[in-house]
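I am opening a notebook page on a structure that is new to me, and I will write down what I look up as I go.

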Amino acid sequence: MKDLSTYRNIGIFAHVDAGKTTTTERILKLTGKIHRTGEVHDGEATTDFMEQEQERGITIQSAATSCEWNAHRLNIIDTPGHVDFTIEVYRSLKVLDGGVGVFCGSGGVEPQSETNWRYANDSEVARIIFVNKLDRVGADFYRVVDQIESVLAANPLVMVLPIGIEDNFTGIVDLLTRKAWVWNDSGDPEAYEIQEPPADMADKIEEWREKLIETAVEQDDALLEQYLEGTEPSIEDLKRCIRQGTISLDFFPTYCGSAFKNKGIQLVLNAVVDYLPDPTEVKPQPEIDLEGNETGGVATVDPAKPLRALAFKIMDDRYGALTFTRIYSGQLKKGDNVLNTFTGKTERIGRIVEMHADSRAELDSAQAGDIVALLGMKNTRTGHTLADVDNPATLEPMVFPDPVISVAIAPKDKAGMEKMGVALNKMIQEDPSFQVATDEDSGETLIKGMGELHLDIKVDILKRTHGVEVDMGKPQVAYRETITMPVDDTYTHKKQTGGSGQFAKIDYRIEPAEKNAGYEFESQVTGGNVPREYWGAIEKAFDVSMDEGTLAGYPLLDVKFTLLDGAFHAVDSSALAFEIATKAAYRQSVPKAAPQLLEPIMKVDVFTPEQNVGDVIGDLNRRRGMIKSQDAGATGVRVKAEAPLADMFGYIGHLRTLTSGRGQFSMEFSHYAPCPQNVADEVIKQAQERKAAN
């Protein structure tokens with residue numbers, strides 16, 4: 001049996017370009033896992049092994065690796081920072097016990113940092129903070145600490161202070177020991193000395209050390225009492241309190257350094273071991289039944305308990321499909337039969353491998369606390385639970401956001417059609433935020449995703465990995481429809497053929513539901529005018545009809561259907577008759593309820609040099625954007641706005657032109673809002689033309 005107290009399952013997450021992958025490279029070098037450090041800008045980072053990642057210098061899919069530090073095993077997942085790939089961060093955080101949030105010393109708390117932090121809060125993941133790039137122009141450790149408090153509403157527990165800043169950044173002071181770690185300029189992470197801190201920092205060190213101790217001892221009433229009486233706790237007692245507070249999410253130990261210059265990484269690794277939880281110290285995963293209700297049982301992290309494992313990622317490579325799996329309880333052995341509780345079928349474990357980016361080591365078995373990849377799983381998808389055949393249970397599944405953008409694609413030659421279908425099927429399994437549909441009117445294949453970059457990468461993968469070249473249409477916005485006023489109506493379906501006929505009469509009300517309520521159904525029928533056994537058919541028929549709105553054929557949102565009364569015939573009525581009546585009632589009444597077209601509104605976060613702020617805001621206003629805030633930072637201004645997706649296509653190129661290449665932006669879905677009439681008219685007209693053409 002492995003000693004789980006020496007395990008740390010951690011993820012490294014941050015905004016684009018804050019230095020996550022570089023930090024991971026330095027950790028792997030320091031722990032002896034790799035012997036030469038690969039750089040992101042050279043396309044040689046270990047965990048960025050996709051061609052697209054190496055070319056673009058960004059992380060697209062999360063990569064798993066493991067290493068050893070101070071007799072502890074670290075399972076590390078390096079996650080993407082770009083907003084189009086947040087799905088990778090979300091599903092990684094779901095299966096991790098701890099995380100390292102990396103923040104840029106000059107950029108501070110950037111938009112994607114906020115989203116990732118929110119995901120980590122939702123998943124209740126303990127974290128430490130690493131403020132990176134303190135060697136950069138405009139870096140300011142104390143400003144970033146303030147932003148973490150104000151923007152993220154988090155409580156950073158400052159553990160170290162920087163010595164110097166920007167070009168003069170030479171090392172850090174460990175507040176617990178009052179010792180300075182100073183590196184020379186060779187770039188060797190081992191080339192440091194532990195010495196007395198600079199004399200001019202003495203007051204600052206005492207001020208921050210006092211804050212650290214005061215926050216830590218709040219975890220232990222006896223220590224707090226002693227401290228108030230003037231007895232300073234030992235470093236061991238302080239570390240115990242810091243560990244306790246970190247695991248309970250009361251605060252987040254905060255470190256700083258420069259990953260690129262190899263300064264400060266050792267202390268982050270020590271903090272991972274000292275303060276982040278092992279698998280047994282994390283709240284156990286709740287078990288649910290097939291309807292999604294909690295059963296009261298939990299998957300306790302214990303190799304002796306029945307198997308509970310969650311498949312959190314599917315990756316296709318040259319050896320076949322890899323199913324990345326976190327084992328919560330029990331053990332897995334090569335050749336075992338396990339039950340997939342989602343499909344109800346058993347699957348045989350072909351091979352178990354431990355991943356190091358895109359290379360692997362074969363294992364005979366794995367146990368609770370491990371993150372491994374399985375080969376030979378035919379029907380397991382992201383979010384499925386693998387359980388003991390004789391003692392099944394399901395773990396809470398993952399919920400993925402709906403795509404907001406779609407593009408029509410077609411293979412450049414006829415022979416590519418079948419190949420494209422197979423490739424797209426594999427890609428859907430790998431990425432749950434990527435969807436494929438066929439336009440019923442035109443017969444076109446539509447790919448749907450979280451943004452332009454997301455779909456761009458998918459088309460690139462089709463070409464390079466699967467050898468399918470495609471032509472892309474223009475991006476399409478995922479519009480929605482809703483109704484704005486209540487309508488009381490009635491519909492009778494009557495059809496007489498030779499034998500028994502069909503009869504169903506319904507009196508009903510359709511009305512707008514609360515925002516984000518989706519579809520609500522209620523029956524107020526009394527006295528059996530519409531027998532209860534037909535209510536389900538009516539509820540389902542209206543729900544299915546909502547997939548196609550009456551304005552432009554987009555799905556209908558936020559509608560309440562109330563069955564008021566009706567009539568049935570003892571012989572001629574059936575579930576099918578009421579289903580037909582309901583679908584006809586939908587087509588009859590929705591146009592009377594003042595239907596309205598809705599468009600996706602995006603949260604837009606733009607970073608611009610100060611001299612270009614006016615141009616950027618003017619441009620956003622022209623794109624129907626609503627400016628929410630402007631925050632001036634050390635190196636530029638951050639403009640937050642909300643803008644309709646329809647007007648944001650190709651924005652990055654335009655922003656670069658406005659800011660001479662220095663502007664950056666990120667965008668994520670916020671909500672649906674009513675379209676202005678002129679936009680709605682144009683969308684409806686295009687929908688009608690498409691229908692007429694087919």
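Before turning to strands, I note the rule for pairing: two strands pair if DSSP finds at least two bridges between them. I also keep in mind that the model I am reading is a predicted one.

Entry on the whole protein. I looked up the secondary structure and found 16 helices and 37 strands. Of the 694 residues in the protein, buried ones make up 53%. I then checked the contacts with a separation of 6 or more, and residues 24 or more positions apart account for 71% of them.

Entry on strand β1. I looked at residues 7-14, which form β1, and saw that eight of its eight residues are buried. Taking the two faces in turn, I found Tyr7, Asn9, Gly11 and Phe13 buried on one side, and Arg8, Ile10, Ile12 and Ala14 buried on the other. For its pairing, I found that β1 runs parallel to strand β4, residues 98-104, and that five bridges join the two. Within this pair, I noted that isoleucine 10 stands opposite glycine 98 of β4.

Entry on helices α6 and α8. I looked up how α6, residues 202-217, meets α8, residues 235-247, and their axes come within 8 Å and cross at roughly 65 degrees. Because angles of 65 to 115 degrees count as roughly perpendicular, I record α6 as roughly perpendicular to α8. The crossing of α6 past α8 is left-handed. On the α6 side, the contact is made by Leu212, Ile213, Ala216 and Val217, while α8 brings Leu238, Cys241 and Ile242. Sorting this contact by class, I get seven nonpolar residues, with no polar and no charged ones.

Terms used: Residues are numbered from 1 along each chain as its sequence is written. This is a predicted model: local features need pLDDT of at least 70, side-chain atom pairs count only at pLDDT 80 or more; totals for chains, interfaces and linings use all residues. Side-chain values use heavy atoms; hydrogens and water are left out. Buried means under 20% relative accessible area, exposed over 50%, partly exposed in between (1.4 Å probe, protein chains only). Helices (H or I, at least four residues) and strands (E, at least two) are DSSP runs, numbered from the N terminus. Axes are lines fitted to C-alpha atoms, for helices over the stretch in contact, and angles run from 0 to 180 degrees between N-to-C directions. Angles under 35 degrees count as roughly parallel, over 145 as roughly antiparallel, 65 to 115 as roughly perpendicular and the rest as oblique. A crossing is left-handed if the near helix is turned anticlockwise from the far one by less than a right angle, and right-handed if clockwise. Contact means heavy atoms within 4.5 Å. Ala, Val, Leu, Ile, Met, Phe, Trp, Tyr, Cys and Pro count as nonpolar, Asp, Glu, Lys and Arg as charged, and the others, Gly among them, as polar.
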